[in-house]
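Work through the exercises below with the model open. Try each task before reading its solution.

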Amino acid sequence: MAEHAWEVLPAPFGRRARLATAFAIAAVSDVLSVWLELVPPVQWVLDVVTALLLFLMLGRQWAILPALVAEAIPGLALMPAWVLVVGSIAIWGTVNPRGRR
């Protein structure tokens with residue numbers, strides 16, 4: 001129960017639907033980020049909005065923060081950081097400290 005406390009979407013919106021929506025948000029952001037590489041302020045706004053949307057879709061996932069930092073570094077926007085983060089959350093689930101489940 002506590003794991004899903006930060007999720008904004010109602011219960012009928014299942015895990016698969018949330019992940020599919022998060023993948024779509026991440027993919028669109030990564031594609032736009034490549035084209036906005038030459039306009040850093042617009043790219044930063046896009047990255048912050050993407051991080052907030054993913055936070056709302058996936059709940060409190062700390063893996064989103066390193067992607068936001070990576071996207072803020074010039075030149076790294078060419079790497080699909082958002083898609084990689086959503087993929088890692090989809091495969092491994094939430095980030096847990098070692099020994100806790």
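A patch is built from residues with over 30% relative accessible area and no salt bridge, joining like charges within 9 Å and nonpolar side chains (Val, Leu, Ile, Met, Phe, Trp, Tyr) within 5 Å. A salt bridge puts a side-chain nitrogen of Lys or Arg within 4 Å of a carboxyl oxygen of Asp or Glu. Accessible areas come from the Shrake-Rupley method with a 1.4 Å probe, and for residues only the protein chains shown count as cover.

The model is predicted: local features need pLDDT of at least 70 and side-chain atom pairs count only at pLDDT 80 or more, while totals for chains, interfaces and linings use all residues. Residues are numbered from 1 along each chain as its sequence is written, and side-chain values use heavy atoms, with hydrogens and water left out.

**Exercise 1. Describe the nonpolar surface patch and place two of its members.**

Step 1. Find the members. Trp62, Leu65, Val69, Ile73 and Leu76 make up a nonpolar surface patch. Together they have about 500 Å² of accessible area.

Step 2. Place Trp62. It sits in the loop between helix H2 (40-58) and helix H3 (64-72). Helices here are DSSP runs (H or I, at least four residues), strands are E runs of at least two, and numbering starts at the N terminus. Trp62 has a relative accessible area of 59%, so it is exposed. The classes are buried, under 20% relative accessible area; exposed, over 50%; and partly exposed, in between (1.4 Å probe, protein chains only).

Step 3. Place Ile73. This residue belongs to the loop between H3 and H4. Its relative accessibility is 41%, so Ile73 is partly exposed. Its C-alpha atom lies 9.9 Å from that of Pro40, although 33 residues separate the two along the chain.

**Exercise 2. Summarise the whole chain.**

Step 1. Count the elements. The chain has four helices and zero strands. In sequence order the pattern reads α-α-α-α.

Step 2. Check burial and surface. The chain has 101 residues, and 30% of them count as buried. Its accessible surface is about 6,800 Å², with 74% belonging to carbon and sulfur atoms.

Step 3. Check contact range. A contact means heavy atoms within 4.5 Å. Take the contacts between residues at least 6 apart in sequence: 66% of these join residues at least 24 apart.

**Exercise 3. Test the length of helix H1, then find its buried face.**

Step 1. Compute the span. The expected value is 1.5 Å times one less than the number of residues. For the 21 residues of H1 (residues 15-35) that gives 30 Å, and the end C-alpha atoms are 31 Å apart, which agrees.

Step 2. List the buried residues. They are Arg18, Leu19, Ala22, Ala26, Ser29, Asp30 and Ser33. Seen down the axis of H1, they fall within an arc of 100 degrees, so they line one face of the helix. The arc is taken over the directions from the helix axis to the C-beta atoms.

Step 3. Look at the other side. Arg16, Val28, Val31 and Trp35 are exposed there.

Step 4. Identify the cover. H2, H3 and helix H4 (81-92) are among what covers the buried residues of H1.

Step 5. Zoom in on Ser29. Its relative accessibility is 2%, so Ser29 is buried. Beyond neighbours within four places in sequence, Ser29 contacts Leu46, Asp47, Thr50 and Trp82.

**Exercise 4. Which residues of H3 are buried, and where does Leu68 fit?**

Step 1. Ile64, Ala67, Ala70 and Glu71 are the buried residues in H3. Their arc around the axis is only 120 degrees, which puts them on the same side of H3. Their cover includes H1, H2 and H4.

Step 2. Leu68 is also in H3. It is partly exposed, because its relative accessibility is 25%. Outside four places in sequence, its contacts are Asp47, Val48, Ala51 and Trp82.

**Exercise 5. Repeat the analysis for H4 and its end.**

Step 1. Twelve residues should span 16 Å in H4, and the end C-alpha atoms are 16 Å apart, which agrees.

Step 2. Ala81, Trp82, Val85, Val86, Gly87 and Ile89 are buried in H4. They pack against H1, H2 and H3.

Step 3. Ser88, also in H4, has a relative accessible area of 22% and is therefore partly exposed. The C-alpha atoms of Ser88 and Ala63 are 8.5 Å apart, with these positions 25 residues apart along the chain.

Step 4. Gly93 follows H4 and has a positive phi, near 80 degrees.
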